[in-house]
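Me: I have a model open and would like to go through how its parts pack together. Could you take me through it, beginning with one of the helices?

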Amino acid sequence: MVQKAKILLVDDRPENLLALEAILSALDQTLVRAASGEEALKALLTDDFAVILLDVQMPGMDGFETAAHIKRRERTRDIPIIFLTAINHGPHHTFRGYAAGAVDYISKPFDPWVLRAKVSVFVDLYMKNCQLKEQAALLRLQLEASGAEPAIGGALLGELSARLASVEEQAEALTKQLDGTADGGVAATAAHLERKLAGLRRALDALRPGSD
């Protein structure tokens, strides 16, 4: 059974959280609410999230400060953040959002379809990254279990290579889907996934008999 991705929704207004849930429910993922920056940081201590939708204007710890804390933590620094704001103070305000580590900055009211599409891309990237981690863990475990049995090791390498090829194929299809988009954050995340896949492929190839 495929594990669902978790999406963190951060807004101090319950009606806004309800609206986000209505928009994103079609993605069939796990939606987690946080009514403040502090609550969001607490949720991030224990759970892994595919993407964070973060309101800028919140009492106490605002979105910019919350994002700064998220990016300082090693566990959470790579989670994509989409800022949502009801106000627009121009380019300087938008730049502050990107400087805080956001991959996107959307002004309210926003197009529900566009928001859902953007979140869907990050969920897909997250799922591919999870597959990559699972294949890497499986590679380590099975090679350790095979020990000094070259024949078994070779069979396992072939199986793992085939599984990795499947993930590579899906990642390539996703990258082609993203070609031509102006979203630098999405492209950067996809490129990060591709680098991880390439590293795992090199490691796998290095284990083959006759490799240097």
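Me: Which residues of helix 2 are buried?
Reply: This is a predicted model. In helix 2, which covers residues 37–46, the buried residues are G37, A40, L41, A43 and L44.

Me: How are those buried residues of helix 2 arranged around its axis?
Reply: Viewed down the axis of helix 2, the buried residues fall within an arc of 160°, so they line one face of the helix.

Me: What is the general reason for such a spacing along a helix?
Reply: An α-helix has 3.6 residues a turn, so residues three or four places apart point the same way.

Me: And which exposed residues sit on the face of helix 2 turned away from the buried side?
Reply: That face carries K42, L45 and T46, which are exposed.

Me: What do the buried residues of helix 2 pack against?
Reply: Their partners are three strands and a helix: strand 1 (6–10), strand 2 (30–34), strand 3 (51–55) and helix 3 (63–72).

Me: Let us stay with helix 3. At what angle does it pack with helix 2, and how far apart are the axes?
Reply: Helix 2 and helix 3 pack at an angle of about 20°, and their axes are 9 Å apart. Angles under 35 degrees count as roughly parallel, so helix 2 is roughly parallel to helix 3.

Me: Is the crossing left-handed or right-handed?
Reply: Helix 2 passes helix 3 in a right-handed crossing.

Me: Which residues make that contact?
Reply: Helix 2 contributes G37, A40, L41 and L44, while helix 3 contributes T66, H69 and I70. By class, the contact of helix 2 with helix 3 has 4 nonpolar residues, 3 polar residues and no charged residues.

Me: Moving to helix 1, which of its residues are buried?
Reply: Helix 1 spans residues 14–24, and its buried residues are L17, L20, I23 and L24. Seen down the axis of helix 1, these fall within an arc of 125°, so they line one face of the helix.

Me: What is exposed on the other side of helix 1?
Reply: On that side, P14, L18 and A22 are exposed.

Me: Now the whole chain. How many helices and strands does it have, and in what pattern?
Reply: The protein chain has 7 helices and 5 strands. Along the sequence they follow the pattern β-α-β-α-β-α-β-α-β-α-α-α.

Me: How much of the chain counts as buried?
Reply: Of its 212 residues, 40% count as buried.

Me: And what share of the contacts with a separation of 6 or more comes from residues 24 or more positions apart?
Reply: Such residues account for 66% of those contacts in the protein chain.

Notes. Residues are numbered from 1 along each chain as its sequence is written. This is a predicted model: local features need pLDDT of at least 70, side-chain atom pairs count only at pLDDT 80 or more; totals for chains, interfaces and linings use all residues. Side-chain values use heavy atoms; hydrogens and water are left out. Buried means under 20% relative accessible area, exposed over 50%, partly exposed in between (1.4 Å probe, protein chains only). Helices (H or I, at least four residues) and strands (E, at least two) are DSSP runs, numbered from the N terminus. The arc is that of the directions from the helix axis to the C-beta atoms. Contact means heavy atoms within 4.5 Å. Axes are lines fitted to C-alpha atoms, for helices over the stretch in contact, and angles run from 0 to 180 degrees between N-to-C directions. Angles under 35 degrees count as roughly parallel, over 145 as roughly antiparallel, 65 to 115 as roughly perpendicular and the rest as oblique. A crossing is left-handed if the near helix is turned anticlockwise from the far one by less than a right angle, and right-handed if clockwise. Ala, Val, Leu, Ile, Met, Phe, Trp, Tyr, Cys and Pro count as nonpolar, Asp, Glu, Lys and Arg as charged, and the others, Gly among them, as polar.
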